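I sat down with a fresh page and a model I had not opened before. Here is what I looked up, in the order I looked.

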Amino acid sequence: MDHLDLPQLCAARGTVHLPGSKSLSNRLLLLAALATGRTELGDLLLSDDTARMLAALRVLGVGVAPGEGKTLCITGVAGDFPVRAADLFLGNAGTAFRPLTAVLALARGDYRLSGVPRMHERPIGDLVDALRQLGAEISYLGVEGFPPLLIHPPRPCPNDVVQVRGDVSSQFLTGLLMALPLRGVETTVEVVGELISRPYIDITLASMARFGVEVRRDGWRRFTVPASSAYRSPGLVQVEGDASSASYFLALGAIGGGPLRVEGIGPDSIQGDVRFADALSAMGAQISAGAHWIEAAAPLAGRLRGIDLDCNHIPDAAMTLATTALFADGPTTLRHIASWRVKETDRIAAMATELRKLGASVEEGADYLRIDPPVGGLHAVAIDTYDDHRMAMACSLAALGTPLRINDPQTVAKTFPDYFARFAEVGQAVPVIAIDGTSASGKGTIATRVAQALGWHYLDSGALYRLTALAARRAGTAWDDEDAVAAIAAGLDVEFGDHAILLAGEEVSDAIRSEEISVGASRVAALPAVRAALLFRQRAFRRSPGLVADGRDMGSVVFPDAMTKVFLTASVEMRAMRRHKQLIEKGMAASIEDLLLDLRERDERDSQRSVAPMQQGADAELLDTTDHTIDSAVAQVLDWIGKGPQKR
């Protein structure tokens, strides 16, 4: 799937059971592999990142097998991998690449570590420099300071103190700490500079402790691993729900009304991103929690408010605050987020770009973002995800303010493969009524009246095809030149007013209703590339409080989840009479006979075409308007959708 279209949501509420934490899953997998004994891991995250770690462990000779229920059994190697030479491909999984680099650098083998192109752009020099202080033999196979790497057995080294920078990535310190018990020598790590993403070090220390290694810590500057340290299996280990993933749903509840509850994690979690709930509370959201759940709802009165926050304690979840800021009163400033620049993409630059597309004013710094929400509402745009799972998930929250297209949505498989399915379960999409039918059956008039009765938006999708035909004619483009017409459709400058349709600022309501343009509209509508170009354009009309969409494919392709679908028809004689009356009232000459012939030919052409033939959908209500007045037809449609007079 190259894109996913998200409808605008009018509310979000419900319950989500979280997948296992990525940070915990990959740490626990590696520790279980290094330990003595057999470890059962429950609720392990199944995703691209953990798949990379598991594949690497299998190649290295670690026993991996299904356990009882949903557990996975790891048979540890007691710190000594049986496979002494291997070529490991680790994708873009930093939680696998950095710790494995450290562990294999202190092992006794020859290993090549590589990943996707983006992983080869993510710095690892500070970790390599630290490991070389301990005798590691590591070579760069590409650019100095970056993967891929070639690792050989370490040389003897008496050093018991090693220094590592802490201001680029906490994964460097994590990797060192996890590897040091393999030395058998008491070793102290001194952190140079400010240690960022400290909560992830807490996760590392807590995970090591579960496997029997207690690290002595002197603030955030010195960490000592005792000489007697050795990993031992604790037996069964349950993986907490992912706190970073929880942030998306907690934000949905805070923006979309809620309450929305996430299960599998509580306020006492060892994951630092659990404090995202505190940030939402500071913005005015209602937060409640139990031992294994957290719940968020919108403020009791008013909207969320912007905040100025040091995000060092929630480095990943802070991305969710960037899109939450779109729905707050006043600016939001996120500080100390420099680590974003060396993640799956440069997240500061990427987030600034996508927020600006949505209409926000964004100030970008070396380690901060300031976001001023849009003044006139969010723009319906296509969001680029940069092969970054968190960009896809964080930006999805904008659907609470506008329809969205998410490009490359499958990138969420890195940590949350079924994210968008869960998103759909708790989000309540803006309702749609789809009205289709034969030409001159009254669908435009009836759809307009239904929209007025409900106070909803109205979409004349046929007008978009007519506008495309008119714009192509004015550009001198043949209607059968599919690629050229599709390009025109994608760039249409269209504005719908109360009683006007503007093309490039010019009123064209009458021009697009001419018989010539009607024929052209039917021809361009048969072109698959044109229909694809206009698909998201049509979906962008789905705005609160609701939409009445008139035209072909509305209930089958464009809005298959429409709450009510109606197909209108009438005898060809009645339709010809109605069209004749319309033309005469406009002072245009018309012949009943000619109109009858035209309608019969059009019906035949529309019903036989290979793309989007005109036909009643299986789930659509059929309304024959031959003997109906406009008022009675509108009343029938309103009755079907439960908004009309009460049945007696």
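My entries start with the ground rules and then go from the whole chain to single residues.

**Ground rules**

This is a predicted model, so I kept to its cut-offs: local features need pLDDT of at least 70, side-chain atom pairs count only at pLDDT 80 or more, and totals for chains, interfaces and linings use all residues. I number residues from 1 along each chain as its sequence is written, and side-chain values use heavy atoms, with hydrogens and water left out.

**Entry 1: the whole chain**

I began with the overall dimensions: along the principal axes, the C-alpha atoms fill a box of roughly 100 × 50 × 50 Å. I found 21 helices and 34 strands in the chain; these are DSSP runs, numbered from the N terminus, with helices being H or I of at least four residues and strands E of at least two.

How much of the chain is buried? I noted 56% of the 648 residues, where buried means under 20% relative accessible area, exposed means over 50%, and partly exposed is in between (1.4 Å probe, protein chains only). The exposed surface comes to about 25300 Å², and carbon and sulfur atoms supply 51% of it. That area is from the Shrake-Rupley method with a 1.4 Å probe.

Next I looked at contacts, meaning heavy atoms within 4.5 Å. Among those between residues at least 6 apart in sequence, 73% join residues at least 24 apart.

I also looked up the charges: 65 positive and 79 negative side chains, with the centres of the two sets 3 Å apart. Lys and Arg count as positive and Asp and Glu as negative, while His and the chain ends are not counted. Each charge is placed at NZ of Lys, CZ of Arg, CG of Asp or CD of Glu.

**Entry 2: the five-stranded sheet**

In what order do the five strands of this open sheet run? I read β16-β17-β15-β2-β26, with mixed pairing. The edges are β16 (286-290) and β26 (427-429), each of which pairs on one side only. From one strand to the next, the twist averages 20°. Strands pair here if DSSP finds at least two bridges between them.

I followed one edge inwards: β16 pairs with β17 (residues 293-297) in the antiparallel sense over five bridges. Q286 has A297 in β17 as its bridge partner.

Then I checked which helices lie across this sheet. Helix α7 (residues 243-256) lies across β2 (9-17), β15 (257-263) and β17, and runs at about 160° to β15. Helix α12 (residues 419-426) lies across β2, β15 and β26, at about 120° to β2. The axes are lines fitted to C-alpha atoms, for helices over the stretch in contact, and the angles run from 0 to 180 degrees between N-to-C directions.

**Entry 3: the four-stranded sheet**

This open sheet has the order β4-β5-β3-β14, again with mixed pairing. Its edge strands are β4 (63-66) and β14 (236-238), each pairing on one side only. Neighbouring strands are turned by 25° against each other on average, direction ignored.

I looked at both sides of β3 (residues 38-42). Towards β14, three bridges join the strands, which run parallel; L41 is partnered with V237 and G42 with Q238. Towards β5 (residues 71-75), five bridges join the strands, which run antiparallel, and T39 stands opposite I74.

**Entry 4: cis peptide bonds**

One cis bond joins P147 and P148, with omega about 5°. P148 is in the loop between β8 (137-140) and β9 (149-152). Another cis bond joins G258 and P259, with omega about 0°, and P259 lies in strand β15, part of the five-stranded sheet above.

**Entry 5: a loop pair and an asparagine**

Y386 and D387 caught my eye for positive phi in residues other than glycine: near 60° for Y386 and near 55° for D387. Y386 is in the loop between β24 (382-383) and α11 (389-395), and D387 is found there too. Are they buried or exposed? Y386 is partly exposed at 32% relative accessible area, and D387 counts as partly exposed at 44%.

D387 also turned up in my last lookup, as one of the residues that N92 touches. N92 lies in the loop between β6 (85-89) and α3 (94-105) and is buried, with a relative accessible area of 10%. Leaving out residues up to four places away in sequence, N92 touches D49, V116, R118, M119, R122, E344, D387 and K414.
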